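Here are a few notes to help you find your way around this structure. Please keep the viewer open as you read, and take the points one at a time.

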Amino acid sequence: MSQPVIDATDVRVWYGTPRGSVKAVDGVSFAVQPGEILGLVGESGCGKSTLGRALLGLLPAGAKMDGSLLFKGEDLVAMSDKERFAHRGTDLAMIFQEPLTRLNPLMRVSEHFTETLRSHHPKMRASEVEARSLEVLRLIGIPPSRWKAYPHEFSGGMRQRLMIALALVLRPAFVVADEPTTALDVLVEAQIIKILHDLRRNFDTSLLLITHNLGIIAETCDRVAVMYAGKIVEVGDARTVFRDPQHPYTRELLRSTITLATDGLNSIPGAPPDLVDPPPGCHFHPRCPDAMTICPQFEPLLLARDGGPSRVGSDDVACWGTRTAALTPQQRTPLVREELAVADEA
Ligand SMILES: Nc1ncnc2c1ncn2[C@@H]1O[C@H](COP(=O)(O)OP(=O)(O)OP(=O)(O)O)[C@@H](O)[C@H]1O
Ligand code: SF4
Ligand SMILES: [Mg+2]
């Protein structure tokens, strides 16, 4: 297997707040291979955007991070801001959700591209700026006749294409796309998804695609990582995970999506936990239909489905329910929630 583009080990990110620190990313490890599209799913507030921003060194002031984050073998966490900036854009890029707030309404398309390219190639000639930009715009479906247009002259879908083209014009090796289609209608969404899917063919780019939409993951991604309360609870080949999910949370997510399309709204019972003080052991235990006595006591590690250690490219899950043979009969007994509530109050 080739060297991963991104290799993250035990990445943690927390925000200082008056209530205490919010553990938004709580010990996450994964790798992304060259040309691979990894989908990242999970309920609102589970830490997806924080993880995506952390990978690119774009965390807000007040956020703290540790762990190891290698880009083609180079440690991004240990780098100075200047070194990281040199990578951003040329090697690492982000596609944001709200294009209008990211595009300057007073700047023409040509000026946006000139600024982006010249920030990393200050001496690039205007003719080359135009040629490189128009090539990307053409691939993204924006005709050369729009080169001098302003952002407000584009529809929402076209603006999102512009954002994608701006992220790609520097030919980054790794792109984080955070909910890139949420604000778009279904038809435009489908076009954008196709563009993202074609990325690796046209640009040989690896992509972390953050979305609430499991349908998009199924259509677009090679692998999928499921996040719950700051942790990756299941990761693997997208088809394998969709066909045979191992983690109860993944199963519930899939069930709620399928039901949404057929029977109407069916959300996962219970609320996502408070990340200042998440539940002990497996963070999902208060909502898990399969919870056992061991679940609130010890945190299950992310291990390969076959029970061995997690490896680059393996299909992994963090759930005691997949390892019952290693548990005592007492640990395997179903969790009695009333007793837990009384014990909590005592
Ligand atoms: N700047 C911040 N300061 C304090 N807490 C923050 C900050 N940004 C995010 N958080 C908290 O960190 C946790 C993770 O937030 P994040 O935005 O990463 O989640 P998400 O999975 O992207 O959610 P969504 O699906 O709604 O976009 C949440 O509990 C959120 O409230
Ligand atoms: S470890 Fe226990 S509580 Fe957590 S998902 Fe598995 S069975 Fe449910
Ligand atoms: Mg988000």
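1. A good place to begin is the outward side of helix H5: opposite its buried side sit the exposed residues Ser127, Glu128, Ala131 and Arg138. Please bear in mind that this is a predicted model. The buried residues of H5 are Ser133, Val136, Leu137 and Ile140. Looking down the axis of H5, these buried residues fall within an arc of 100°, so they line one face of the helix. The spacing in sequence fits a general rule. An α-helix has 3.6 residues a turn, so residues three or four places apart point the same way.

2. How far apart should the ends of H5 be? With 15 residues at 1.5 Å a residue, H5 should span 21 Å, and its end C-alpha atoms are indeed 21 Å apart, in agreement. Just after H5 comes Gly141, which has a positive phi near 90°.

3. Helix H4 (residues 109-120) can be read in a similar way. Its 12 residues should span 16 Å at 1.5 Å a residue, and its end C-alpha atoms lie 18 Å apart, which agrees. Val109, His112, Phe113 and Leu117 are the buried residues of H4. They cover an arc of only 115° around the axis, and so sit on the same side of H4. Among the elements that cover these buried residues are helix H5 (126-140) and helix H6 (156-168).

4. Next, the interior. The largest nonpolar core has 87 residues, and those with the most contacts inside it are Ala165, Ala167, Leu208, Leu209, Ala225, Val226 and Ile232. In soluble globular proteins, nonpolar side chains tend to be buried together. Leu208 makes a good residue to click on: setting aside residues up to four places away in sequence, Leu208 touches Val32, Leu38, Leu40, Gly52, Leu55 and Val176.

5. Is Met94, in strand E6 (residues 92-95), buried or exposed? Met94 has 22 other C-beta atoms within 10 Å, and the cut-off for a buried residue is 20 or more, so Met94 counts as buried. Apart from neighbours within four places in sequence, Met94 is in contact with Leu56, Leu58, Ala167, Val176 and Asp178. Met94 and Ala225 are 131 residues apart along the chain, and their C-alpha atoms are separated by 18 Å.

6. Two backbone angles deserve a look. Asp10, in strand E1, has a positive phi of about 50° although it is not a glycine. Ala229, in the loop between strand E9 (223-228) and strand E10 (231-237), also is not a glycine and has a positive phi, near 50°. What are their surroundings? Asp10 is exposed, with 12 other C-beta atoms within 10 Å, whereas Ala229 counts as buried, with 23 C-beta neighbours inside 10 Å.

7. Which residues come closest to ligand 1? Of the 14 residues around ligand 1, the closest are Tyr15, Ser44, Lys48, Ser49 and Thr50. Strand E1 (6-17), strand E2 (20-32) and helix H1 (48-55) each supply at least two residues of this shell, and H1 gives the most, with three. By type, the shell around ligand 1 holds six nonpolar, seven polar and one charged.

8. Finally, ligand 2. There are 14 residues around ligand 2, of which Cys282, His285, Cys288, Cys295 and Cys319 come nearest. The shell around ligand 2 is made up of 10 nonpolar, three polar and one charged.

Terms used: Residues numbered from 1 in each chain as written. Chains lettered and ligands numbered in written order. Predicted model: local features only at pLDDT ≥ 70, side-chain atom pairs only at ≥ 80, totals over all residues. Near = placed C-beta within 6 Å. Nonpolar A, V, L, I, M, F, W, Y, C, P; charged D, E, K, R; others polar. Helix = DSSP H or I, 4+ residues; strand = E, 2+ residues; numbered from the N terminus. Expected span 1.5 Å × (residues − 1). Arc of directions from axis to C-beta. Contact = placed C-beta atoms within 7 Å. Core = buried A, V, L, I, M, F, W, Y, C linked by C-beta atoms within 7 Å.
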